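Subject: Structure handover

Hello,

Here is the structure I promised to pass on. Please open it alongside this message and follow the residue numbers as you read.

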Amino acid sequence: MGVGLSGKCTVAIEVVDGNDDARKRTMSRLISSIPENSPKTVVAVFSVYDPDSGDNGKMTSSIQNDFPFLLKPTLKNFYTLVTERPLDREERAGYITITVTDTGTPRLKTEHNITVLVSDVNDNGPAFTQTSYTLWVRENNSPTLHIGSVSATDTDAGANAQVTYSLLPPPDSPVPLASLVSINPDNGHLFALTSLDYEALRAFEFRVGATDRGSPALSSQALVRVLVADANDNAPFVLYPLQNASAPCTELVPRAAEPGYLVTKVVAVDGDAGQNAWLSYQLLKATEPGLFGVWAHNGEVRTARLLSERDAPKQRLVVLVKDNGEPPLSASVTLHVLLVDGFSQPYLPPPEAEAAAAAPADPLTVYLVVALASVSSLFLFSVLVFVAVRLCRRGGAGSAGRCPVPEGHFVDVSDPQVTTKQR
């Protein structure tokens, strides 16, 4: 039976590094908060390492290209994060992603987030939602009526974003703005302080300021225009014929007038605006119904038919003038018309004139008439006496109290040679 033989050998096993370890980050320095608008400021200093060896342990770090930061390598595997340009908190106030990649096969990538807090600086003023506001308010409003609001926002934070509102009265305003409107400084609500009158003030404008509470404070302005809407609060006013005159105006119409003859025209105005000032005319009353008509849109009074002898010479018309408001307001005017055979016929007095003639005369008027008659009589008597005296003195002869006889008509009969009277 044979004897078994054996032998020994040494086997060397080399462990090849595999890219199987994650990259590590060690933060040496980190600024927890940095004010915006701070360029060239060191935000963080950190180091990265990889337990792998060779190419598996070599690393590169990077950040997003659109960030306002630079990642600068300093010593081996050490990096400094620096602001490249002024920061804007309103644009981004969040974190930064740092990507670490090795050069192994396959390449491994690790992302690390660094939170950078950007503190606010009051670099944004309040901004109104509109550059100008137009507000409507109906006239005769109640005081303290809320007529509208303005609004402004601020993109800053904290006290830098708190906005207060104020009125900026124009320097040349005919009416003090403080007597017309007020504003709530906290929310921008506008209130009318008085009852507005469209006929006195149809529109006014002013500026509103919005100011934040930052330091230094920033502000902006917006234009506010208030338009007063008309209400039907004015009745029509008749310009012609005048109704407050002592003697009414009387129109003459010839009896030969054809239908459609223009008698007169009622003229009226309305202090309101729009449809509140649209006027219409209608015949309300007439002495002879159907004899006259009124044009609804222009107030012309015309004959509606031929006149007859049976028509009363004195006609009285009542014309109603009404606006188109809601509710409508109206006024009336009385017309006196005289029917004449022709314009050469003497003017017929209206009833009021006849009544005045029938009234007893004023005593003062009687005294004046008597005095005038006396003076006239005395003057006439004086003229007659003066003429008589002149005639009596013309001859220059005769006895007192006897008128002289003109020479050449008679001869002296005492002359014996003259026996006949010569003529």
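Below are my notes on two sheets and on some aromatic side chains.

One point before the details. The model is predicted.

**The sheet E12-E16-E15**

Start with the open sheet of three strands. Its order is E12-E16-E15, and the pairing is antiparallel. Strand E12 covers residues 145-149 and strand E15 covers 181-183. Both stand at the edges with a single partner strand each, so one side of each has no neighbour in the sheet. Neighbouring strands here are turned by 30 degrees against each other on average, direction ignored.

Now look at the contacts of strand E16, residues 189-192. Three bridges join E16 to E15, and the two run antiparallel. Across this pairing, Ile-183 stands opposite Leu-190. Val-181 stands opposite Ala-192. E16 also pairs with E12, again in the antiparallel sense, over four bridges. There the bridge partner of Gly-148 is Leu-190. Leu-190 therefore turns up in both pairings: it faces Ile-183 and it bridges to Gly-148.

The side chains along E16 alternate. Leu-190 and Ala-192 point to one face and are buried. His-189 and Phe-191 point to the other face and are not buried.

E15 and E16 also form a hairpin, with five residues between the strands. In this hairpin, Gly-188 takes a positive phi near 80 degrees.

**The sheet E21-E25-E24**

Move on to another open sheet of three strands. The order is E21-E25-E24, with antiparallel pairing. Which strands are at the edges? They are E21 (262-265) and E24 (292-294), and each pairs on one side only. The twist averages 20 degrees from one strand to the next.

Strand E25 holds residues 300-303. E21 and E25 pair over three bridges in the antiparallel sense. One contact to look up is Lys-265, whose bridge partner in E25 is Glu-300.

**Aromatic side chains**

A word on how to read these. A pair of aromatic rings is described by the distance of the centres and the angle of the planes. The count comes to three aromatic pairs.

Take Phe-128 and Tyr-133. Their ring centres are 6.5 Å apart and their planes stand at 75 degrees, so the pair is edge-to-face. The cut-off for edge-to-face is over 60 degrees. Are these residues buried or exposed? Phe-128 has 15% relative accessibility and counts as buried. Tyr-133 has 6% and counts as buried too. The limit for buried is under 20%. Phe-128 and Tyr-133 also form one aromatic cluster with Tyr-165.

Next, Phe-204 and Phe-206. Their ring centres lie 6.2 Å apart with the planes at 20 degrees, so this pair is stacked. Stacked requires planes under 30 degrees apart. Both Phe-204 and Phe-206 are buried.

Finally, find Trp-295. Arg-302 lies over its face, at 4.9 Å from the ring centre.

**Where to look**

For a quick tour, begin at Leu-190, opposite Ile-183. Then go to Lys-265 and its bridge partner Glu-300. End with Arg-302 over the face of Trp-295.

Best wishes

Technical notes
Residues are numbered from 1 along each chain as its sequence is written. This is a predicted model: local features need pLDDT of at least 70, side-chain atom pairs count only at pLDDT 80 or more; totals for chains, interfaces and linings use all residues. Side-chain values use heavy atoms; hydrogens and water are left out. Two strands pair if DSSP finds at least two bridges between them. Axes are lines fitted to C-alpha atoms, for helices over the stretch in contact, and angles run from 0 to 180 degrees between N-to-C directions. Rings of Phe, Tyr and Trp (its six-membered ring) pair if their centres lie within 6.5 Å; planes under 30 degrees apart count as stacked, over 60 as edge-to-face and the rest as tilted. Buried means under 20% relative accessible area, exposed over 50%, partly exposed in between (1.4 Å probe, protein chains only). A charge sits over a ring if NZ of Lys or CZ of Arg is within 6 Å of the ring centre and within 35 degrees of the ring normal.
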